[in-house]
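Hi there,

Here is the structure I promised to pass on. Have a look at it first, and then read on for what turned up when I went through it.

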Amino acid sequence: MNIKHLVALLVLLMLSTSVQAQRFNKKVHDNHRERTWEAGLLLQYQTSVSEEFEGGSTLDINSSTGFGFFIGWNWTEHVNLSWRFALNKPGYTAYIVPQEGGEVPQVLSYKMSNYTNQFNFTYNFMRGRFTPYIQAGLGWTKLDSNVPEAPPEITCWWDPWWGYICIDQWKTYKTSQFTYNLGLGLRWDINNAFFTRATYNREFIKLDSGSTNLDTITLEGGVMW
């Protein structure tokens, strides 16, 4: 099942359950979300992506599953403000065309580290325990290629317990970029304390030599208080 099929399935679920949700929500108007904090853990599936940049360089990122956590504030039954952190480590293949003419292109295959921080605004369409929602946010993403850009820096010292100790530190090619995201999903408040959510989200990232979009499907579980 590709990402288009997953999005279509999510939209169909939202449309097909809206009537039942309205019927169910009529029985639940206890303002159980309003003025409450929430926090929890998440699993995030990141789809594969292929991009072409200036000069003919290309980047193919494999799909991967990561994890993270979040904390948020339910201002009202409808409005939620939150912060989310997620870490994915997908494999990738980069075909790099040098700027200098005559140099041989390079091919790199590694695992990158993708650290994502997002501040999100979520609007729940319904007041009850089951509701579809839309989400939009701003944040930043750190992409670490895990490819060394220079020889390691070695630091040594005398430890009173362990003797002479040396460690090496590697500097890698990495970048931190401003991002924004849009998403839609479904939320189920199991009771007044526990809830779960499923979100399809697209993250837009502007890079120095181009841009890329990362599609994710996130499953969250948390508590309210």
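Let me begin with Leu182, whose bridge partner in β13 is Arg202. Please keep in mind that this is a predicted model. The contact between Leu182 and Arg202 belongs to a longer run: strand β12 and strand β13 (residues 194-207) are antiparallel and joined by 11 bridges. Four residues lie between β12 and β13, and the two strands form a hairpin.

β12 (residues 172-189) also pairs with β9 (residues 130-148), again in the antiparallel sense, and this pairing covers 16 bridges. If you would like a point to find on screen, try Thr131, which has Arg187 of β12 as its bridge partner.

Arg187 is worth a second look for its side chain. Its charged end sits over the ring of Phe195, 4.3 Å from the ring centre.

That brings me to the aromatic residues. Searching the whole structure gives eight aromatic pairs. In one of them, Phe70 and Phe195 meet edge-to-face, with 65 degrees between the planes and 6.1 Å from centre to centre. This pair links distant parts of the chain, as Phe70 is in strand β4 (residues 64-74) and Phe195 in strand β13, 125 residues apart. Are these two rings buried or exposed? Phe70 has a relative accessibility of 7%, so it counts as buried. Phe195 is buried too, because its relative accessible area is 2%.

A further pair is made by Phe119 and Trp140, which are tilted at 40 degrees between the planes and lie 6.1 Å apart, centre to centre. Here the link runs between strand β8 (residues 113-124), which holds Phe119, and strand β9, which holds Trp140; the two residues are 21 apart in the chain. Phe119 has 46% relative accessibility and therefore counts as partly exposed. Trp140 is at 41%, so it also counts as partly exposed.

There is a cluster as well: Phe69, Trp83 and Phe85 are linked by ring pairs.

Now for the spaces inside. How many cavities of 30 Å³ or more does the structure hold? The answer is two. The largest cavity has about 70 Å³ of space. Its lining includes Gln44, Gln46, Asn88, Asn114, Glu203 and Thr216. The elements that each give two or more residues to this lining are β1 (36-46), β5 (79-88), β8, β13 and β14 (210-224). By class, the lining has eight polar residues, three nonpolar and one charged.

The second largest cavity holds about 50 Å³. Around it you will find Glu38, Phe70, Asn80, Ser82, Arg84, Asn120, Arg197 and Glu220. β5 is the element that gives the most to this lining, with three residues. Sorted by class, there are four charged residues, three polar and one nonpolar.

If you only have a few minutes with the viewer, two residues make good starting points. Phe195 takes part in the edge-to-face pair with Phe70 and also has the charged end of Arg187 over its ring. Phe70, the other half of that pair, is among the residues lining the second largest cavity.

Happy browsing, and do write back with any questions.

Best wishes

Technical notes. Residues numbered from 1 in each chain as written. Predicted model: local features only at pLDDT ≥ 70, side-chain atom pairs only at ≥ 80, totals over all residues. Heavy atoms only, no water. Pairing = 2+ DSSP bridges. Phe/Tyr/Trp six-rings, centres within 6.5 Å; stacked < 30°, edge-to-face > 60°. Buried < 20%, exposed > 50% of the residue type's maximum accessible area, 1.4 Å probe, protein only. Lys NZ or Arg CZ within 6 Å of the ring centre and 35° of its normal. 1 Å grid on protein atoms, 1.4 Å probe; cavity = no way out; pocket = protein on both sides within 12 Å on 5 of 7 lines; lining within 4 Å. Points joined across faces, edges and corners; volume = space filled by probe spheres on them. Nonpolar A, V, L, I, M, F, W, Y, C, P; charged D, E, K, R; others polar.
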